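Please examine the model shown below before reading the explanation that accompanies it.

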Number of protein chains: 4
Amino acid sequence: MDVGFIGLGGMGRPMAANLIKAGHAVRVWNRSPEPVAAAVEDGAVAAASVAEVWQADVVVSMLADDASVRAVLLDEALLSRAAATVHVNMATVSVGLATAAAALHAAHGIGYVSAPVLGRTEVAAAGNLNILASGPAELLDRVSPLLAAMGRRTWPLGDGPEQAVVAKISANFMIASAIEALGEASALAEAHGVDPGALVDVLTNSIFPGPVYSAYGTMIRNDRYAPAGFRLPLGLKDVTLGLTAGFDARVPMPFAGILRDHFLDAIAHGDADLDWGAVAKVSRRRAALPRD
Amino acid sequence: MDVGFIGLGGMGRPMAANLIKAGHAVRVWNRSPEPVAAAVEDGAVAAASVAEVWQADVVVSMLADDASVRAVLLDEALLSRAAATVHVNMATVSVGLATAAAALHAAHGIGYVSAPVLGRTEVAAAGNLNILASGPAELLDRVSPLLAAMGRRTWPLGDGPEQAVVAKISANFMIASAIEALGEASALAEAHGVDPGALVDVLTNSIFPGPVYSAYGTMIRNDRYAPAGFRLPLGLKDVTLGLTAGFDARVPMPFAGILRDHFLDAIAHGDADLDWGAVAKVSRRRAALPRD
Amino acid sequence: MDVGFIGLGGMGRPMAANLIKAGHAVRVWNRSPEPVAAAVEDGAVAAASVAEVWQADVVVSMLADDASVRAVLLDEALLSRAAATVHVNMATVSVGLATAAAALHAAHGIGYVSAPVLGRTEVAAAGNLNILASGPAELLDRVSPLLAAMGRRTWPLGDGPEQAVVAKISANFMIASAIEALGEASALAEAHGVDPGALVDVLTNSIFPGPVYSAYGTMIRNDRYAPAGFRLPLGLKDVTLGLTAGFDARVPMPFAGILRDHFLDAIAHGDADLDWGAVAKVSRRRAALPRD
Amino acid sequence: MDVGFIGLGGMGRPMAANLIKAGHAVRVWNRSPEPVAAAVEDGAVAAASVAEVWQADVVVSMLADDASVRAVLLDEALLSRAAATVHVNMATVSVGLATAAAALHAAHGIGYVSAPVLGRTEVAAAGNLNILASGPAELLDRVSPLLAAMGRRTWPLGDGPEQAVVAKISANFMIASAIEALGEASALAEAHGVDPGALVDVLTNSIFPGPVYSAYGTMIRNDRYAPAGFRLPLGLKDVTLGLTAGFDARVPMPFAGILRDHFLDAIAHGDADLDWGAVAKVSRRRAALPRD
């Protein structure tokens, strides 16, 4: 397929590479030039402008957040001259943005698919992402070879632009909740003379297997949250997406409220450059641990 | 070894059976007679009284809660005439009870080991429990063959009576937090047109594998919380043990505070006989779901 | 003084009338025409357009929220042709809007004063508002006769556009917290057989005198929240302003988080047209009161 | 009336003195002897033992908490030999204790009245307490002259032992909530450049008059919480009474949950000897204020 790819960050670059490996023709654009050169080495064609990317049949984008999507893509002039017939937005954005973007695309005769992913950069590189997808069934069908090239599995979640986005926001809320629960439990354990590392070992080897508890459990055991895989302010951004989605649909989310406060507490205390696992430090600080 | 076993409930019976299978001589006592008859069929000897059980070398007990332990075991007259030199308390009790029990046992020259378990009845039957153990190293060593007969692994957590208890309370707090997070996420998803079952599928097949998310995810997908594996009021009891342990050690636990309120909300609405997974119903009710 | 007045709602109309009574020349504008006619009867001059209002020396505005202020006032074309040298914005708006508005006004050489008020319509009519004011000292001085005509007292809170706004948001957060505390206490009392009305009587006649506890206590005693003095969604809007202000300055606000969820719960249950005092119904519903 | 009075602490002593002033014969007992000597100077008779106090017609007690009441008064031997026909318990105790105490008294043919008070020592000295009373109407009637001698007004709240206790617990919960709301609002204000003292001035002179906001507002303005009028751990005790009462009646109390955590946070950080107003320090610390 003739694919345009926008956004060659830590996630976007390996995803574009996997499209190329699967035999698709990929023209790429990125705000900064370095990743473009790297993608060209992988076999991509460098587009001279965003507009040129939109001359491909399908546009795939992987930008950071609402602001980037708005700045780069939600541009009437751009969309009105596009040849592309479908845009697959793989960023984690707000429900509001997804809905507005789909409407704007529709006004220009362009199909819109939401397809955010679960997995970090190394998972993206291995082509093992779990892809949450929603949009018109016919479009999901059309782009399925592309999604298959980037992920181990595509999960269809509905025919609107919002369902995949809400599922992704829910997943991140659940990761944040797992970190917070681990943080509170570890502080409780430590205050009673249990080594938090021993607690993490028990839990991850019994009832809580899987990547989330082991990754954040390791950070907590080692009390080491740098270098950051996912920075605290991004975590707060995602918790806020959850709160906003809850607000829009009138769904109380008390855990999300607690998370918001603990992320703010962490950032106020200078931990903005740490991994969001560092929200566990808040529980320790509030309990005045360690105690001598 | 010559073992006395007290408490033949859903968990205790298969645990005693596994001790017998491993070749230990087991005399048993239970408040109600039926499980005793069953244990005798498994090869146990029925003790005529609790006091007789305490003539064994090692006493293992698996009672329901603080009140049962207090009523059956924390009895000066009983302990003063005991021949046993060590008591392995496998119940989930409060930190305060564990500490008081250890002191009372010490006053009568009896060693005390805390050894609560992770796993439900079918796990106990398979001898696959994860056993959280704390107490004097020499005692843990002595009773290790018994623990090995009942579990897949014993996790040593410290030399006091409280560490294993705190670890168990922490684990249950984390399960409750996972249920609540699933509940809030499912309500959010449903309110935005995502099928909660589809969300559960994605999560349990990707970042949240393991028995906790799949068991409670299934309940939520089916909106079916009976028959109860673990009743709501027992869940509230365990959350309260966490809050009390946090209080004792001055550890704020905001997630536990939210859990407490949601369990109370569930019980106030008549769901006391449901599985504690039904705390997820509270998030749906608060959002007035389903909406027509 | 030559005053332009924009926004003749329930609050704006009596405020404009008080300016007229104090001898100021007031030209008025309002989106809908009826209140203009009424103001003209009070002695105002009807402006043909918003632009005409900006030909006065001082513009006072009392609009509903950020959206109205943005739509009516933050207009480059309008400000660039204005003769007015100072704008007194008396609406309850977000910190972000106040800051942005002040910067935009400065770019057009117009002074900006934030002056939100405490008090409802009858207080405005009596000229007894408490006015929270911030902005450059020289400007506060210049507009002080106008503020004196509308309120019993002006409270200077700083020299920026944000301090008065934050104080107003804080005050509304505290009112919402008082309602919620009353609601939880009343549910607790009722569940234990205490008449909530009797509890309200004790409190408002002893340690909690003043308009807030008596107004909302009366609603709770009578379980009657209509007609609404201040609708639930407006209350939620103000709680959200507090959360956003806390977010911007990295201040955890756990009470505000709880308030947000209880307002959402109330609105999800169909109470959007009730007074925000009706958030007390949420505590009763969660406790499944009344019980038969 | 012939009155026995037990508990001559900061509250009890002036209350006993007011009974004497009103012409009643008062025999007193206290754990430590100094206050007894002082009461004798006021005109009381020193009882040689608690038992002797129970030979009076009516016993009034003002002890610190559940533990003191249990230790001094809930004694079968004592009650079985008592001549007194009614006991007025003015302490702030748990609902459980009030109910159990009433039942024990009834078993010995002694009437029981709950009569906790609102007001601190100086209010007690002036005879201006607000007295929350519940118990059988006939008994409330009989002891009304005594209550009238100690307070400005008696508020009848029901015919059981629990209603007055729940009302008192509710009142203290509401004071704690007001402190917390002030604390969060002050932190928000300070973080945005508003002087907390200026905020306190506005609020206490407008919508929040009365002793609670002015007393705690002054502490916050001055950032000075010593000497303590009511120590933090006592505040936590009362919040816990509220949570327990909510638990017993299945009433979610999210504000109380937040309060609990903030009191624990304060005590963990070494502020146990400060006034409970110091819970406001927690909001500032969590926001990392002051910032340089």
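The paragraphs that follow discuss the relation between two chains, then one helix, and finally some details of the backbone.

This is a predicted model, in which local features need pLDDT of at least 70 and side-chain atom pairs count only at pLDDT 80 or more, while totals for chains, interfaces and linings use all residues. Residues are numbered from 1 along each chain as its sequence is written, and chains are lettered from A and ligands numbered from 1 in the order in which they are written.

Chain D is superposed on chain A by a rotation of 180° with 0.0 Å of shift along the axis, at an RMSD of 0.0 Å (a least-squares fit on the C-alpha atoms of residues with pLDDT of at least 70 in both copies). The two copies are thus related as by a two-fold rotation axis. In chain D, the residue closest to this axis is R286(D), whose C-alpha lies at 4.2 Å. Six residues of chain D are in contact with six residues of chain A, contact meaning that C-beta atoms, placed from the backbone, lie within 7 Å.

Helix 10 of chain D spans residues 196–204; helices are DSSP runs (H or I) of at least four residues, strands (E) of at least two, numbered from the N terminus. Among its buried residues are L199(D) and L203(D). A residue is buried with 20 or more other C-beta atoms within 10 Å of its own, exposed with 12 or fewer, and partly exposed in between, with C-beta atoms placed from the backbone.

The peptide bond from A226(A) to P227(A) is cis, with omega near 0°. P227(A) belongs to the loop between helix 11 and helix 12 of chain A.

Notes:
Two residues are in contact if their C-beta atoms, placed from the backbone, lie within 7 Å.
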